[in-house]
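Student: I am new to this structure and would like to study one part of it closely. Could you show it to me first?

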Amino acid sequence: MSKKCLFCGAILEDEDMFCDECGKKQDETAAKEEAERRAEAERKAQEAAAAKAKEEQARKAREEAEAKERARVEMELRIKAEAEAKARVEAEKKAKAEADKKAKEEADRRAKAEEARRAKAEAEAKERERAEAELRIKAEAEAKVRMEAEQKAKVEKAKQRSEQMEGAKAAVAATGRTATHIIGLIIRWLLGLSYILIALMFIGDAIVMSVSWILAGLLILPPVTKLVPAFKGRKIVIVLVCIVLLVIGAMSFPTA
């Protein structure tokens, strides 16, 4: 069987007199003294812990008292500051009210003075208006007559300018149309006369071609085209007829 050390609790053999761990002799008297010494040490430690806890509690109580005192002082200071701020605001309001009152009185005084000055000025203006009424009426009549004459002249001038602009626009448009028309007429005359001259050159050899091309050339000429009655698609019909006549003439041309 084995036993435990009386001091450290290590496992020992039954015949061991000294502990291999702590090296102490396994004596019951010494163990008892060691136990009493440990109990005394634990008691002192507990007393020290209790004293420390009591001291900590006292310190916390003191800190709480100091905190309460500081809060009370801060509350008193805040109340005092609020009271001073309130008194200052009231004083500012009072001063502002007095300043507004003085400003209103000054404004009323100035308004009355301005009203008196305005009344005097209006009276003087009415007097001047009365003295200048006849001259103004006469000047207005003359100005009205002059204005009517100027307006009439402006209207005439604007009308002439508008007519000139319209005429210029019409002239430009007419010029463009005229140039295009003239070029078309020249081309038609050249083509028509060319076909007629070519047909006359071969009139003895190819009578059908000559007649067809002479008819096509005549249709192309502007004076002959104007003789064709107006109807829908007239230009297209004339072009198709000319093409048909030219094709007939070309097909009937004798080959060598």
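Student: What percentage of the contacts in the chain with a separation of 6 or more is accounted for by residues 24 or more positions apart? After that, please take a close look at helix α2 (residues 207-220) and its surroundings.

Tutor: What you see is a predicted model, in which local features need pLDDT of at least 70 and side-chain atom pairs count only at pLDDT 80 or more, while totals for chains, interfaces and linings use all residues. Residues are numbered from 1 along each chain as its sequence is written, and side-chain values use heavy atoms, with hydrogens and water left out.

To your question: residues 24 or more positions apart account for 36% of the contacts in the chain with a separation of 6 or more, a contact being heavy atoms within 4.5 Å. The chain has 4 helices and 2 strands, which follow one another from the N terminus in the order β-β-α-α-α-α; helices (H or I, at least four residues) and strands (E, at least two) are DSSP runs, numbered from the N terminus. Of the 256 residues in the chain, 12% are buried, where buried stands for under 20% relative accessible area, exposed for over 50% and partly exposed for what lies in between (1.4 Å probe, protein chains only). About 21,100 Å² of the chain is exposed, and carbon and sulfur atoms supply 61% of that area.

Turning to the part you asked about, serine 212 has its place in helix α2 and counts as buried because its relative accessible area is 7%. When residues up to four places away in sequence are not counted, serine 212 touches Leu245, Ile248 and Gly249.

Helix α2 also takes part in a nonpolar patch on the surface, whose residues include Leu200, Ile207, Val208, Val211, Leu215, Leu218 and Ile248, and which has about 1,000 Å² of accessible area altogether. Such a patch is made of residues with over 30% relative accessible area and no salt bridge, with nonpolar side chains (Val, Leu, Ile, Met, Phe, Trp, Tyr) joined within 5 Å and like charges within 9 Å, and the areas come from the Shrake-Rupley method with a 1.4 Å probe, where for residues only the protein chains shown count as cover. The helices α1 (28-201), α2 and α4 (234-252) each supply at least two residues of this nonpolar patch, and the largest share, 5 residues, comes from α2. One member of the patch is leucine 200, which lies in helix α1 and is partly exposed because its relative accessible area is 45%.

Helix α4 includes serine 252, and this residue is partly exposed, as its relative accessible area is 29%. Leaving aside neighbours within four places in sequence, serine 252 is in contact with Val208 and Met209. The side chain of serine 252 reaches the backbone nitrogen of methionine 209 at 3.3 Å, a polar contact, meaning a pair of N or O atoms within 3.5 Å of which, within protein, one must be able to donate a hydrogen and the other to accept it, and residues adjacent in sequence count only if both atoms are side-chain atoms. The C-alpha atoms of serine 252 and alanine 206 are separated by 7.3 Å, although these residues are 46 residues apart along the chain.

Aromatic rings come next. Rings of Phe, Tyr and Trp (its six-membered ring) pair if their centres lie within 6.5 Å, with planes under 30 degrees apart called stacked, over 60 edge-to-face and the rest tilted, and by this rule there is 1 aromatic pair. The rings of tyrosine 195 and tryptophan 213 have their centres 5.6 Å apart and their planes at 75°, so this pair is edge-to-face. The pair links distant parts of the chain, since tyrosine 195 is in helix α1 and tryptophan 213 in helix α2, 18 residues apart. Tryptophan 213 counts as buried because its relative accessibility is 15%.

Finally, helix α1 also holds charged pairs. The whole structure has 12 salt bridges, each being a side-chain nitrogen of Lys or Arg within 4 Å of a carboxyl oxygen of Asp or Glu. One of them joins arginine 72 and glutamate 76 at 2.5 Å, N to O, and both residues lie in helix α1, 4 residues apart, about one turn of the helix.
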